[in-house]
Every structure is written in C-alpha cells, then in structure tokens.
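Welcome! Please take a look at the sequence and the structure below, and then read on for a short guided tour.

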Amino acid sequence: MADRPSLSPQRLPPLPNLIFASRWLQLPLYLGLILAQAVYVFHFWVELTHLIEAAFGNEAALGKLVTSIGYKSTAPVTSLNETIIMLVVLALIDVVMISNLLIMVIVGGYETFVSRMRLEGHPDQPEWLSHVNASVLKVKLATAIIGISSIHLLKTFINAENYTEKVLLWQTAIHITFLLSALAVAGADRLMPHTRRNGEH
C-alpha cells in the first residue's frame, strides 16, 4: 500500500495571508491578561497575610481587612469575628474564581483564536481544552461569571445590614439576569449541534 503524500500548508494570497496573520494582534491582549493575573495573585497574598496577622492580634492588619471588605459595626472592631473571617474568605474565593476565569480566557482564547498550543499528551493539559471552541468557551465563561456573581451576592447578604434594600434588590436582579443569560447561551449551544445533525439527514 503506497504511502499517502504529506499535506503541506497551503500558501495564501497576500491579502488573505495578511488578514489571517492579523490574529496575532490579539497576543498583546492575552499577555496583558497574564499581567492582570499576576496582580490578582499579589492581591490574594496581601489579603491572606492581613488575615493571618489579624488572627494573631495585629490591629493594623485588622483595620485594613475591615476597610477592604466594607464591614461596619456600631461598636469598634478590636478582634476578628466570624462575620469578618467569612467575608474575607469569600473575598479570597472571589479572587480565585476570577483567576480561573482569566486562565480560561487566556488559554482557551489563545487556542481558539490565535494559534494551537499543541498540548496533546501533556500531563497537565486541561481536560476542557481538548474540545474547546468558541461556543464551549462562551458557556464556560458564562458559568464562571455566575459563580463569581454568587460569591458577591453571598458577601452582600452576610453583610446585609450595611446595605440599603435598593442595593440588595439590584444585586439580586443582576445575579438573576446573569443566570438567565447563561441559560440562554447554554440553550443556544445545545440546539446548534442538533440543527447540524438534522441538516445532514
């Protein structure tokens, strides 16, 4: 049986080649998101350091934590309490979830819109990256945004006495809007393959 000839990349005419090469203009955007990720890592460790210092009685660190989470109390805050710890931990989880969102955008977006990363067989290849495309990426991003919104809403409810009823209602409405939008994106993504399969028969 004769060997199949190897397929060489097709040479594009100058104008299509220029248009296709313009995808590399997105590279600085993804590099910028990597820098934003580094800022989030720094912020995470600053908040975690303040939490540990406050647990050992450092009043300056406690004051910074109280200011950063927007916690207010009628009595002066002199030590950590369960509400402050919970709000700080939720803030740390929020940073982690936003970092996960950044990773999905950086890795998935680069793989989908710029160039293949050729991670096949790599032990650390993300499971979702093997079948990522623009549609899958939209659904995953929508799901991540709902998770982030849920954390923000939970932080607000825990510290509800420091917010007006109008703020609570608006945050709840915005979260529901995110949820409905994600369901619409997922529904559209679910219908598209069925449409293609029906069209084949």
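Helices here are DSSP runs of H or I with at least four residues, numbered from the N terminus. With that in mind, Gln26 can be placed in the loop between α1 and α2. We will come back to this residue further on.

## The chain as a whole

Please keep in mind that this is a predicted model. The protein chain has six helices and zero strands, and its pattern along the sequence reads α-α-α-α-α-α.

How much of the protein chain is buried? Of its 201 residues, 26% are buried. The accessible surface comes to about 14200 Å², and carbon and sulfur atoms account for 66% of that surface. Among the contacts with a separation of 6 or more, 62% link residues that are 24 or more positions apart.

## Helices α2 and α4

Two packed helices are described by the angle between their axes and the distance between the axes. Let us start with α2, which covers residues 27-55, and α4, which covers residues 82-114. Their axes come within 10 Å and cross at roughly 165°. Angles over 145 degrees count as roughly antiparallel, so α2 and α4 are roughly antiparallel to each other.

The crossing of α2 with α4 is left-handed. Sorted by class, the residues in this contact are 21 nonpolar, four polar and one charged.

## Helix α3 against α4

Helix α3 spans residues 59-69. Its axis lies 10 Å from that of α4, and the two helices pack at an angle of about 65°. Angles from 65 to 115 degrees count as roughly perpendicular, and α3 is therefore roughly perpendicular to α4. The crossing of these two helices is left-handed.

Which residues of α3 and α4 meet? On the α3 side they are Leu62, Leu65, Val66 and Ile69, and on the α4 side they are Ile84, Leu87 and Val88. By class, this contact has seven nonpolar residues, no polar ones and no charged ones.

## Helix α3 against α2

Helix α3 also packs with α2, at an angle of about 130° and with the axes 8 Å apart. This angle makes α2 oblique to α3. The crossing of α2 and α3 is left-handed. From α2, the contact draws on Glu47, His50, Leu51, Glu53 and Ala54; from α3, it draws on Ala61, Leu62, Lys64, Leu65 and Ser68. These residues divide into five nonpolar, two polar and three charged.

One residue to look at here is His50, which lies in helix α2. Is His50 buried or exposed? Its relative accessible area is 14%. Buried means under 20%, so His50 counts as buried. Leaving out residues up to four places away in sequence, His50 touches Ala61, Lys64 and Leu65.

## Where α1 and its loop come close to later residues

Now move to the early part of the chain. Phe20 is found in helix α1, which covers residues 14-21. With a relative accessibility of 48%, Phe20 counts as partly exposed. How far apart are Phe20 and Val114 in sequence and in space? They are 94 residues apart in sequence, and their C-alpha atoms are 9.5 Å apart.

Trp24 lies in the loop between α1 and α2. At 35% relative accessibility, this residue is partly exposed. Apart from its neighbours within four places in sequence, Trp24 is in contact with Tyr110, Val114 and Ser115. Trp24 and Phe113 are 89 residues apart in sequence, with 8.9 Å between their C-alpha atoms.

Here we return to Gln26, in the loop between α1 and α2. Gln26 has a relative accessible area of 26% and is partly exposed. Not counting neighbours within four places in sequence, Gln26 is in contact with Phe113 and Val114. Its C-alpha is 8.2 Å from that of Tyr110, although Gln26 and Tyr110 are 84 residues apart in sequence.

How values were computed. Residues are numbered from 1 along each chain as its sequence is written. This is a predicted model: local features need pLDDT of at least 70, side-chain atom pairs count only at pLDDT 80 or more; totals for chains, interfaces and linings use all residues. Side-chain values use heavy atoms; hydrogens and water are left out. Axes are lines fitted to C-alpha atoms, for helices over the stretch in contact, and angles run from 0 to 180 degrees between N-to-C directions. Angles under 35 degrees count as roughly parallel, over 145 as roughly antiparallel, 65 to 115 as roughly perpendicular and the rest as oblique. A crossing is left-handed if the near helix is turned anticlockwise from the far one by less than a right angle, and right-handed if clockwise. Ala, Val, Leu, Ile, Met, Phe, Trp, Tyr, Cys and Pro count as nonpolar, Asp, Glu, Lys and Arg as charged, and the others, Gly among them, as polar. Buried means under 20% relative accessible area, exposed over 50%, partly exposed in between (1.4 Å probe, protein chains only). Contact means heavy atoms within 4.5 Å. Accessible areas come from the Shrake-Rupley method with a 1.4 Å probe; for residues, only the protein chains shown count as cover.
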